[in-house]
Amino acid sequence: MIARTSNSPHVLIIGGGLAGLSLAHGLKKNDIPFTIVDRETSPRGRNWGVTLSWGHAQLEKLLPKDLWANLQQCQPDSSLNVKTSEKQCILVRDGATGETLNAAPFPGIRRLQIQKTKKNWARGLDIQYGKKLVDIETLEDENDNDHRVLAKFEDGTSIAASVIVGADGGVSNVRRWLLGEELAAQEILPYTFMNFSFTLPADKALWLDHEMNPNVDVAPHPKSMYMGIFLLDKPDLEKPETWVFYILTTWPDDNSLEQDETSADRLRRLRRQMEGWADPYKTIVKLLPDDVEIAKNQLRIWHTRPWDNHGARVTLAGDAAHSMTFHRGQGGNLAIRDADEFVNCMIAVRNGTKTLNEAVAEYDRGVVERGQEVAISKEQTKAFHDYENFLNSPVVKMGIKPSAK
Ligand SMILES: Cc1cc2nc3c(=O)[nH]c(=O)nc-3n(C[C@H](O)[C@H](O)[C@H](O)COP(=O)(O)OP(=O)(O)OC[C@H]3O[C@@H](n4cnc5c(N)ncnc54)[C@H](O)[C@@H]3O)c2cc1C
């Protein structure tokens, strides 16, 4: 239990993803009272990997020492020491020849596997699972610091707080409450998008693991197509046949993938696209088991716009505030940056150097500014499908540094 000081706001975090969990740890570290809830009944669900690059600096401030020291456990390959790895870069290959187009060095860069990260970072937090936010009510008694806003959940319960942070992901309910359905709606980009995992026979898994860059290994192809192959997990280091990899691939179209009926249709569609690809991409798609599960998917973004925070009662963080395409590799790092900025603002309130109104308004301005990455991610998506101009794209020109200071 955290001791209250007279100025301490009580923060209610909706969502236990990268944004919500890192925020919760940062508040805990600074003795600022909070509650964190998630609609899931336990940390599970979809799984993917995130490249942690410049976000390391903020994350070290937010996490307790033991979790920070054990970050390697959150990696898809928890045996990989990023400090001694010789492949500390982001590798972009030419999809047609396999040759390196760009290999921007980034010391210390690492992958985080979302499920392992959620599981590890849940340690030391009292997360209330099974709480799906369905509505918010503002309360008017300015003198009751802990009861300025009320979050209502699907199970009929509610929680009062000083301020709510909607860290509830790309289709955020909190964002919809703040802005209404129309303004909060995501844009669906006109691409076929496949994101699916698979295993391989042991010898092929060893080959791919050796062939791939462990951070990012992606390629644009002259036929207007993008593909990346990533490691998701090594459940048994001694048994390569258990290693899980995944493919992310996109190409422009009008989302006709939606019309495909089955996973097998999608695999056939992908195989038809693979003519002219170099290895490892070509061989890996050939090796995919016929029953590999390829779900329907869409590439969605939300263009950040300012919101009325209702007198510093409700704000957003992470994908809820700026959902972008993975082609730019910024969303996770920005989620952690949001958490760090919000903690800084709450420290200022607790110390009496800012009012809650001033602090949340300042935080909101920063989030909205960081939201410019959404448009850059859209530009990067386009660039990955414009082979001739790829070398002028944001990832090549700006690297993986964020655009906002
Ligand atoms: C395939 C892929 C690759 C990516 N690659 C990279 C990369 O290389 N680098 C990078 O920086 N970023 C990358 N990203 C983006 C990154 O993963 C996200 O930006 C980041 O995980 C967002 O974290 P979040 O906490 O904001 O949202 P989420 O991870 O979506 O978490 C939201 C949480 O809120 C909960 N929730 C949702 N609705 C409610 C509700 N109504 N009530 C209560 N709880 C709710 C959910 O259960 C969930 O736990 C990638 C994303 C994808 C999909």
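1. Let's start with a residue pair: valine 218 sits opposite glycine 228 of S15. Keep in mind that this is a predicted model. The strands involved are S14 (residues 216–221) and S15 (residues 225–233), which run antiparallel and are joined by four bridges.

2. Zooming out, S14 and S15 belong to an open sheet of six strands, ordered S5-S4-S14-S15-S16-S13, with mixed pairing. Strand S5 (100–105) and strand S13 (191–198) are at the edges with a single partner strand each, so one side of each has no neighbour in the sheet. From one strand to the next, the twist averages 15°.

3. There is also an open sheet of five strands, and here the pairing is parallel: the order reads S7-S2-S1-S11-S18. Its edge strands, S7 (127–129) and S18 (314–316), each pair on one side only. Ignoring direction, neighbouring strands of this sheet are turned by 20° against each other on average.

4. Within that five-strand sheet, have a look at S1 (residues 11–14) and S11 (residues 163–166): they run parallel, joined by four bridges. Isoleucine 13 is the residue standing opposite valine 165 in S11. Helix H10 (residues 356–370) lies across S11 and S18, and its direction is at about 25° to S18.

5. How do H1 and H9 pack? Helix H1 (residues 18–29) meets helix H9 (residues 331–350) at an angle of about 30°, and their axes are 8 Å apart. Angles under 35 degrees count as roughly parallel, and H1 and H9 are therefore roughly parallel to each other. Their crossing is right-handed. On the H1 side the contact is made by Leu18, Ala19, Ser22, Leu23, Gly26 and Leu27, while the H9 side includes Ala335, Ile336, Phe342, Val343 and Met346. By class, the residues of this contact split into 10 nonpolar, three polar and two charged.

6. Now the ligand, which you'll probably want to click on next. Which residues are closest to the ligand? Of the 33 residues that surround the ligand, the closest are Gly15, Gly17, Gly169, Gly318 and Gly331. Elements giving two or more residues to this shell are H1, strand S2 (34–38), strand S3 (49–52) and H9. H9 has the largest share, with four residues. So much for who contributes; as for character, the shell divides into 12 nonpolar, 14 polar and seven charged residues.

7. One link between the points above: H1 and H9, the pair packed with axes 8 Å apart, are both among the elements that give two or more residues to the shell around the ligand. S2, a member of the five-strand parallel sheet, is on that list too.

Conventions. Residues numbered from 1 in each chain as written. Predicted model: local features only at pLDDT ≥ 70, side-chain atom pairs only at ≥ 80, totals over all residues. Axes fitted to C-alpha atoms, helices over the stretch in contact; angles between N-to-C directions. Parallel < 35°, antiparallel > 145°, perpendicular 65-115°, else oblique. Left-handed = near helix turned anticlockwise from the far one by under 90°. Contact = placed C-beta atoms within 7 Å. Nonpolar A, V, L, I, M, F, W, Y, C, P; charged D, E, K, R; others polar. Near = placed C-beta within 6 Å. Pairing = 2+ DSSP bridges.
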